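Open the model in your viewer and keep the sequence panel beside it. This tour tells you what to select at each stop and what is there.

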Amino acid sequence: MTRRPIPTHITLPPYAATGASSNWDSHVPRHSETDMAGMRRACLLAREVLQLGSTLCQPGMTTNEIDAILHEAIIAQGAYPSPLNYMGFPKSICTSINNIIAHGIPDDRPLQEGDIINIDITVYLDGYHGDTSATFMVGEVDERGKALVECTKETLDKAIAISGPNVPLKEVGRVICDIAEKNGYSVSDELSGHGIGKEFHCLPLVYHHRNEEEGVMTVGSTFTIEPILCQGSATGIMWPDQWTISTVDGGRSAQFEHTLLVTEDGVDILT
């Protein structure tokens, strides 16, 4: 699968040529003022690209076409699409439709009326990654699909609302699961939020399921919260492409994601 070209003037992340992973340090990075400014710029661009993506989720549009348009939008701003060749990922964005939990690879399947689709955008701008995603409805979606999308968005909003300095990271999972379970949904425990900055992925890991992991939110750190809710089982099946994860029972899933910066008095939503 041929990767989309990147202009030579764009700064590349270390893995762009090698297909490697992130460099995982043993500590949670604390950002300087310069780092925070860089993160804000990258996250703002990620948000703008996702907003453009939302306008493309129309019946008949293929996810390959969405990938091409958003790739061009990213490089037009002097940024690199972070997923491209990260651990060998072949495309510039992730597109996960209906029963795909995460990491769907854009292809030539046209979107259909009633689909729900998550578009996951990460950009690398001037040495920093910004990461965000949302689930969009294609045309008219049935009431059960709408309810799933709305509840997933609510879990992210409520998890952000309790976030701040010295808040235990495990509180994120508790809040998300309280809301999801009340509404009859399961929460994926196979994927997590993560630290982000100069690296695409780093500590801390932020689990969305109930857990007893140690660790608190620290001032100056940046991380994602990105819950995935499922209508049935949250158990995932890895496809032969070694990226796409679908629900084991064919139930639909939805996901929303923001990148957060922990401040002295709460969190800033950077995306």
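The stops below go from a helix to ring pairs, then to single residues and a surface patch.

This is a predicted model, in which local features need pLDDT of at least 70 and side-chain atom pairs count only at pLDDT 80 or more, while totals for chains, interfaces and linings use all residues. Residues are numbered from 1 along each chain as its sequence is written, and side-chain values use heavy atoms, with hydrogens and water left out.

**Stop 1: helix H3**

Select residues 143–161, which make up helix H3. Helices (H or I, at least four residues) and strands (E, at least two) are DSSP runs, numbered from the N terminus. H3 has 19 residues and reaches 27 Å from its first C-alpha to its last, close to the 27 Å expected at 1.5 Å a residue; the expected span is 1.5 Å times one less than the number of residues.

Now select Asp 142, which caps the N-terminal end of H3. One of its side-chain oxygens is 3.1 Å from the backbone nitrogen of Arg 144. Contacts of this kind are polar contacts (a pair of N or O atoms within 3.5 Å; within protein, one must be able to donate a hydrogen and the other to accept it, and residues adjacent in sequence count only if both atoms are side-chain atoms).

Which residues of H3 are buried? They are Gly 145, Leu 148, Val 149, Cys 151, Thr 152, Thr 155, Leu 156, Ala 159 and Ile 160. Buried means under 20% relative accessible area, exposed over 50%, and partly exposed in between (1.4 Å probe, protein chains only).

**Stop 2: aromatic pairs**

Rings of Phe, Tyr and Trp (its six-membered ring) pair if their centres lie within 6.5 Å; planes under 30 degrees apart count as stacked, over 60 as edge-to-face and the rest as tilted. The count comes to 3 aromatic pairs. Select Tyr 15 and Tyr 86, an edge-to-face pair at 4.9 Å centre to centre, with 80° between the planes. Tyr 15 is in the segment before helix H1 (33–55), and Tyr 86 is in the loop between strand E1 (80–81) and strand E2 (94–97), 71 residues apart. Tyr 15 has a relative accessible area of 3%, so it is buried. Tyr 86 is also buried, at 7%.

Next, select Phe 89 and Trp 243, which are edge-to-face at 5.0 Å centre to centre and 85° between the planes. Phe 89 lies in the loop between E1 and E2 and Trp 243 in the loop between strand E11 (236–238) and E12, so the pair ties together parts 154 residues apart in sequence. Phe 89 is buried, with a relative accessible area of 2%, and Trp 243 counts as buried at 16%.

Add Phe 200 to the selection: ring pairs link Tyr 15, Tyr 86 and Phe 200 into a cluster.

**Stop 3: helix H1**

Asp 35 lies in helix H1. Is Asp 35 buried or exposed? Asp 35 counts as buried, at 10% relative accessibility. A polar atom of its side chain is 3.1 Å from the backbone nitrogen of Ser 32.

Ala 37 is in H1 too, and is partly exposed at 31%. Measure from Ala 37 to Tyr 128: the C-alpha atoms are 9.7 Å apart, although the residues are 91 apart in sequence.

**Stop 4: a surface patch**

Select Ile 237, Trp 239 and Val 248, which form a nonpolar patch on the surface.

Conventions:
Patches are made of residues with over 30% relative accessible area and no salt bridge: like charges are joined within 9 Å, nonpolar side chains (Val, Leu, Ile, Met, Phe, Trp, Tyr) within 5 Å. Accessible areas come from the Shrake-Rupley method with a 1.4 Å probe; for residues, only the protein chains shown count as cover. A salt bridge is a side-chain nitrogen of Lys or Arg within 4 Å of a carboxyl oxygen of Asp or Glu.
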